[in-house]
Amino acid sequence: MHAMSENSSKSQAVRGTQDLRGSMASAFRHIDSIASQLSELYRFEELKTPIFEHSEVFHRTLGETSDVVSKETYTFLDRGGDSLTLRPEGTAGAVRAFISNGWTQDLPCRFFYSGPMFRYERPQKGRYRQFHQIGVEALGLNDPSADVESLSLAHDLLLKLGLKNRFKLHINTLGDLESRQNYRKTLVDYFTQHKAKLSQDSLVRLEKNPLRILDSKDPGDREIIKNAPQFSSSLTPQASEFFQQVLSGLKSLEIEYHLDPLLVRGLDYYSHTVFEFITTDLGAQGALLAGGRYDGLVKLMGGGDVSGVGWAAGVERLALMIESQFASQQKPLVAVLAAEDSAINYCQKISHLVRSFGNPVELITSGNMGKKFKRADKIKSQFCVVIGSKEMSSKILTLKNMATGVQIEVGVEGLKKTLES
Ligand code: AMP
């Protein structure tokens with residue numbers, strides 16, 4: 001695709017946004033529908049929050065040093081002078097809704113959401129400025145089985161979408177606060193020794209949040225990160241036990257995983273379990289679904305001491321994975337051709353009848369017969385019915401199977417049976 005300039009004219013879509021039609025739009029709907037059906041089975045209820053929030057909702061919670069907040073938010077002053085931010089992800093809004101509506105009495109709460117997110121990122125295949133996520137959040141569940149359930153739901157979703165053998169689950173633990181404080185000290189010591197070679201961004205992180213250096217994409221940083229001390233050596237016994245229970249839950253469900261000690265999340269509020277389902281089929285944008293436990297977030301946002309665990313998946317990336325194999329589940333497409341204008345009303349009646357059987361119908365009325373047949377070919381209709389005055393008076397229709405060329409004469413009453421056979 002040809003790259004558009006930042007000053008694209010009014011008639012072009014904004015850079016990093018997409019117009020979706022046909023199979024891509026159907027794939028979106030399919031993903032949404034499978035995800036919401038599965039969520040119900042796991043007792044996650046649908047939650048719809050606004051697509052913009054007061055900027056503090058994201059700035060305070062995602063951490064000022066995270067890339068999402070420091071570089072990627074769409075933040076603006078509204079006409080009343082309030083600073084608002086288009087949501088870059090779903091968790092902060094869900095937690096804000098939980099707190100501001102006082103849903104504490106309903107704990108535990110399990111939410112499923114779906115909708116657009118906005119990040120000012122460098123667009124490429126699988127990465128957009130407006131993209132869509134489906135996600136789940138479980139609030140008020142402290143034990144590792146909640147992590148396992150949420151992972152199991154994610155795993156079921158990918159399998160249900162037909163992605164067996166096309167992804168790998170990477171998992172890690174960020175431990176509890178004490179483990180992280182131990183690790184932070186160890187990391188600061190290590191990176192301080194290599195300060196001279198660190199990127200500018202990572203020098204800032206070294207002051208504010210050294211853990212996030214591990215997430216750096218800078219090639220120079222990556223060299224240093226390779227030999228960084230591993231987190232497992234700083235884990236407290238409790239945090240280690242928590243993680244072992246998550247892993248044993250996965251084993252009992254026969255969900256394969258890959259321990260990835262370098263996996264950290266781009267956002268600052270995670271603790272204990274973090275995970276990503278990764279594919280190699282989409283080039284650089286391999287993360288299909290990512291999440292983890294965020295026990296400190298509700299408190300940080302002014303709510304009670306309520307734990308949380310959840311994940312989000314990128315719908316565009318899932319859609320790219322399934323688009324080629326995504327076949328519409330619909331019944332055969334029927335083209336109804338009016339042989340003359342006086343037959344149009346009757347054609348409308350027959351089209352309506354055939355649609356009531358659940359078959360999609362395109363009524364073709366414009367152009368000469370040659371043009372009408374061309375259209376029937378172009379839309380790849382499986383059956384074609386031509387209706388003129390003869391058919392109107394005899395009530396006998398000729399149904400042509402476009403693949404085999406076989407023509408069957410059938411009465412209006414017999415249409416349904418013929419289309420089903
Ligand atoms: P995150 O909220 O960054 O953990 O992202 C969760 C998932 O959302 C990722 O695994 C991707 O599938 C998807 N995602 C994140 N950012 C983008 C983007 N800019 N464009 C498309 N998908 C994205």
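The points below concern a predicted model and take up its sheet, one helix that lies across it, and the surroundings of the ligand.

1. The sheet is open and built from eight strands, arranged in the order β1-β5-β6-β11-β10-β9-β7-β8 with mixed pairing. The edges are held by β1 (45-46) and β8 (258-259), and since each of these has a single partner strand, one side of each is left without a neighbour in the sheet.

2. At the β8 edge, the link to β7 (residues 168-173) consists of two bridges, and the two strands run parallel. One point of reference for inspecting this pairing is Ile171, whose bridge partner in β8 is Leu259.

3. Strand β11 (308-314) is joined to β6 by seven bridges, with the two strands running antiparallel, and to β10 by five bridges, again in an antiparallel arrangement. On the β6 side, Gly135 has Ala312 of β11 as its bridge partner, while Gly292 stands opposite Gly310 of β11.

4. The burial of β11 deserves a separate remark, because seven of its seven residues are buried and the strand is therefore largely enclosed by the rest of the structure. In general, side chains in a regular strand alternate between the two faces of the sheet. Here both faces are covered, with Gly308, Gly310, Ala312 and Gly314 buried on one side and Val309, Trp311 and Ala313 buried on the other.

5. Helix α5 (residues 144-160) passes a simple geometric check: at 1.5 Å a residue its 17 residues should span 24 Å, and its end C-alpha atoms are indeed 24 Å apart, which agrees. Just after the helix, Gly162 adopts a positive phi of about 80 degrees.

6. The same helix, α5, lies across β6 (130-139), β7, β9 (271-278), β10 (287-293) and β11, and runs at about 15 degrees to β11. It is mostly covered, with twelve of its 17 residues buried; among them are Val148, Leu151, Leu153, Leu157 and Leu158, together with the polar or charged residues Asp147, Ser150, Ser152 and His155.

7. Around the ligand there are 15 residues, of which Arg119, Glu121, Tyr128, Arg265 and Ala287 come nearest. For Arg119, a polar side-chain atom is placed 2.8 Å from an oxygen atom of the ligand. Tyr128, by contrast, contributes a backbone N or O atom, which lies 2.8 Å from a nitrogen atom of the ligand, and a backbone N or O atom of Ala287 lies 2.9 Å from a ligand oxygen atom.

Definitions and conventions:
Residues numbered from 1 in each chain as written. Predicted model: local features only at pLDDT ≥ 70, side-chain atom pairs only at ≥ 80, totals over all residues. Heavy atoms only, no water. Helix = DSSP H or I, 4+ residues; strand = E, 2+ residues; numbered from the N terminus. Expected span 1.5 Å × (residues − 1). Buried < 20%, exposed > 50% of the residue type's maximum accessible area, 1.4 Å probe, protein only. Pairing = 2+ DSSP bridges. Contact = heavy atoms within 4.5 Å. Axes fitted to C-alpha atoms, helices over the stretch in contact; angles between N-to-C directions. Near = heavy atom within 4 Å. Polar contact = N/O pair within 3.5 Å; in protein donor to acceptor, adjacent residues only side chain to side chain.
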